[in-house]
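This report describes one protein chain for a reader who has not met it before. Please look over the sequence and the structure first; the text then goes through salt bridges, strands, aromatic rings and the core.

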Amino acid sequence: MAAPTFYIKQNDNRPNLDVSLRDDRDRSVDITGATVVFHMRNAADNTVVVSSGSVSIISASRGDVRYDWVVANTATSGNFQAEFQVTFAEGAVQTFPNDGYVKIVITDDVV
């Protein structure tokens with residue numbers, strides 16, 4: 001899965017963060033029966049902003065997931081690193097992307 005960059009304004013909770021989980025060969029990952037959580041930290045000081053955030057599975061067979069922002073998640077502007085941690089039905093754990101992070105840029109408000 002290539003590490004995408006997602007942009008959102010400070011204190012916003014839309015748009016949602018929609019991601020398609022892909023393996024190292026850029027194939028969809030079937031997450032049927034799995035649970036998925038979202039983690040995000042500040043890239044400047046590694047402060048964790050979201051730990052085990054709830055993720056909606058949009059299409060399990062295609063690995064499509066969604067994280068719905070809470071305003072507190074976007075209260076601080078800056079650059080952030082995020083990942084989705086999948087626990088498969090048999091108990092195996094895999095984190096996406098595994099070649100870096102989803103880059104989150106929270107742009108500060110004018111006022």
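Arg22 and Asp26 form a salt bridge, with their closest N and O atoms 3.3 Å apart. This distance, like every value below, comes from a predicted model. Arg22 has a relative accessible area of 23% and is therefore partly exposed. Asp26 is partly exposed as well, at 47%.

**Salt bridges**

How many salt bridges does a search of the whole structure find? The search gives 4. The table lists three pairs, including the one above.

| Salt bridge | Closest N and O atoms |
|---|---|
| Arg22 and Asp26 | 3.3 Å |
| Arg27 and Asp23 | 2.7 Å |
| Asp18 and Arg66 | 2.6 Å |

In the pair of Arg27 and Asp23, the two residues fall into separate classes of exposure. Arg27 has a relative accessibility of 43% and counts as partly exposed. Asp23 has 14%, and because buried means under 20%, Asp23 counts as buried.

The pair of Asp18 and Arg66 links distant parts of the chain: Asp18 belongs to strand β2 and Arg66 to strand β6, 48 residues apart. Asp18 is partly exposed, with a relative accessible area of 45%. Arg66 is partly exposed too, at 26%.

**Strands and sheets**

The two strands joined by that salt bridge, β2 and β6, also belong to an open sheet. This sheet has 3 strands in the order β2-β6-β5, and the pairing is antiparallel. Strands β2 (17-20) and β5 (56-59) are the edge strands, each pairing on one side only. From one strand to the next, the twist averages 30 degrees.

Between β5 and β6 (residues 64-67) there are 3 bridges, and the two strands run antiparallel. Which residue of β6 is the bridge partner of Ser56? The partner is Arg66, the residue that also forms the salt bridge with Asp18.

A parallel pairing occurs between β1 and strand β9 (residues 102-107), which are joined over 5 bridges. In this pairing, Thr5 stands opposite Lys103 of β9. Side chains in a regular strand alternate between the two faces of the sheet. Strand β1 (residues 5-9) has Phe6 and Ile8 on a covered face, while Thr5, Tyr7 and Lys9 lie on an uncovered one.

**Aromatic rings**

The count of aromatic pairs comes to 5. One of these pairs is Phe38 with Trp69: the ring centres are 5.9 Å apart and the planes stand at 85 degrees, so the pair is edge-to-face. Phe38 is in strand β3 (residues 35-42) and Trp69 is in the loop between β6 and β7 (78-87), so many places along the chain separate them, 31 residues in number. Phe38 is buried, with a relative accessible area of 0%. Trp69 counts as buried at 4% relative accessibility.

Why is the pair of Tyr67 and Trp69 classed as edge-to-face? The planes of the two rings are at 90 degrees, with the centres 5.3 Å apart, and planes over 60 degrees apart count as edge-to-face. Tyr67 is buried, as is Trp69. Ring pairs link Tyr67, Trp69 and Phe38 with Phe6 and Phe84 into a cluster.

**The nonpolar core**

The largest nonpolar core has 25 residues. Leu17, Ile31, Phe38, Trp69, Phe84 and Ile104 have the most contacts inside this core. Phe38, Trp69 and Phe84 also take part in the ring cluster. Strands β1, β2, β3, β6, β7 and β9 each give two or more residues to the core, and β7 gives the most, with 4 residues.

Which residues does Ile104 touch, not counting those up to four places away in sequence? They are Phe6, Leu17, Met40, Trp69, Gly78, Asn79, Phe80 and Ala82. Among them, Leu17 and Trp69 are named with Ile104 as residues with the most contacts in the core.

**Asn73**

Asn73 lies in the loop between β6 and β7, as does Trp69. Is Asn73 buried or exposed? With a relative accessible area of 10%, Asn73 is buried. Leaving aside its neighbours within four places in sequence, Asn73 is in contact with Met40, Val49, Val50, Tyr67 and Ile106. Met40 is also touched by Ile104, and Tyr67 belongs to the ring cluster.

Key. Residues are numbered from 1 along each chain as its sequence is written. This is a predicted model: local features need pLDDT of at least 70, side-chain atom pairs count only at pLDDT 80 or more; totals for chains, interfaces and linings use all residues. Side-chain values use heavy atoms; hydrogens and water are left out. Two strands pair if DSSP finds at least two bridges between them. Axes are lines fitted to C-alpha atoms, for helices over the stretch in contact, and angles run from 0 to 180 degrees between N-to-C directions. Buried means under 20% relative accessible area, exposed over 50%, partly exposed in between (1.4 Å probe, protein chains only). Rings of Phe, Tyr and Trp (its six-membered ring) pair if their centres lie within 6.5 Å; planes under 30 degrees apart count as stacked, over 60 as edge-to-face and the rest as tilted. A salt bridge is a side-chain nitrogen of Lys or Arg within 4 Å of a carboxyl oxygen of Asp or Glu. A nonpolar core is a set of buried Ala, Val, Leu, Ile, Met, Phe, Trp, Tyr and Cys residues joined through side-chain atoms within 4.5 Å. Contact means heavy atoms within 4.5 Å.
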